[in-house]
Amino acid sequence: MTLVTTRKVGNVEVVALLDGDEACGPIADAFPDVPPDAHANAAERHPGVYAGDDWRLAVRAWLVRHPGGVALVDTGVGPSTAVAMAWFPTPGRLHDALTEAGASADQIDTVVITHVHDDHVGGTVTADGAPAFPNARYLVQQADLDALVAWGEESEEDREIEARAIAPLRASGQLDAIDGHHVLTGDLELRHAPGHTPGHQVLRITSRGDRLLISGDTWNHPSQFGRPEWASATDAEPARATATRRAMLADLLSHPGSVVAPTHLDVPFGRIRTASDGRAAFDALA
């Protein structure tokens, strides 16, 4: 089974790295706003999202080779010692996927963390707690760093994420807190896209007329493209997440041909179109 899927975006190469793919509990619990008939329709159109009544959760990171260097977006669930092992069945395969893509950890100069949930930051460090990408700056929105500390007052999981996935980056001097939209290069721009978490961010790639959006957890179920008001159970601020989904859909539809790259769907790349009912729909790309 291949762990990588590659797509060119002008002068930029984007490689989807499959970190994990497992059944992770009832999908109705993960998306409580999606009614049963919509689940049934989605299961026919996107069967890879379902494992019976469970959510078949793909977890991806993204290798971005661009004229100025090599970036990684998100780090997956992490090794056997990671916080996500409390609920994800297997350790992440990120480094196997990087090897398959012809990359190594020391080549990566920038690690973008879309948000601080444990299936996105688990691989920031190795099993012994050292930064996994020794030559990289790790970019996280300050709003998420603040939220993680606040959540940790009530949640052991969030305290563990802070202590085991974020604190080592502070100690090594590799953590860069950013605030709002942030230009990385002429081709790459981080866009603050709050709602799933307060500091959730996405990566917009524009190169030689091509566009691709690495969308983090903006959309975690295919029905959310047509019904952006249907929240994920893990959306910290559902109304704000809905507004972000609507704004991103409008942007994608206003630029025909744009590709969207979601973290957790059954396929790594797709395009958005307006369906016959006037709602947006996600079409997988081979």
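Start by selecting threonine 244 and whatever touches it. Not counting neighbours within four places in sequence, threonine 244 is in contact with Ala193, Pro194 and Thr218. Keep in mind as you look around that this is a predicted model.

Now show the cartoon around threonine 244: you'll find the residue sitting in helix α8, which covers residues 238-253. Is threonine 244 buried or exposed? Its relative accessibility is 13%, and buried means under 20%, so threonine 244 counts as buried.

Next, turn on side chains and add proline 194. The side chain of threonine 244 reaches the backbone oxygen of proline 194, at 2.6 Å.

Time to move on to the rings. The structure holds five aromatic pairs. For one of them, select tryptophan 219 and phenylalanine 225: the ring centres are 4.7 Å apart and the planes are at 20°, under the 30 degrees that counts as stacked, so this pair is stacked. Tryptophan 219 and phenylalanine 225 are both buried.

Keep phenylalanine 225 selected and add phenylalanine 282. These two make a stacked aromatic pair as well, with 5.0 Å from centre to centre and 20° between the planes. Which parts does this pair tie together? Phenylalanine 225 lies in helix α7 (residues 223-226) and phenylalanine 282 in strand β15 (residues 280-284), so the pair links parts that are 57 residues apart in sequence. Phenylalanine 282 is buried, just like phenylalanine 225.

For the last stop, show the three rings together: Trp219, Phe225 and Phe282 form one aromatic cluster.

Key
Residues numbered from 1 in each chain as written. Predicted model: local features only at pLDDT ≥ 70, side-chain atom pairs only at ≥ 80, totals over all residues. Heavy atoms only, no water. Helix = DSSP H or I, 4+ residues; strand = E, 2+ residues; numbered from the N terminus. Buried < 20%, exposed > 50% of the residue type's maximum accessible area, 1.4 Å probe, protein only. Polar contact = N/O pair within 3.5 Å; in protein donor to acceptor, adjacent residues only side chain to side chain. Contact = heavy atoms within 4.5 Å. Phe/Tyr/Trp six-rings, centres within 6.5 Å; stacked < 30°, edge-to-face > 60°.
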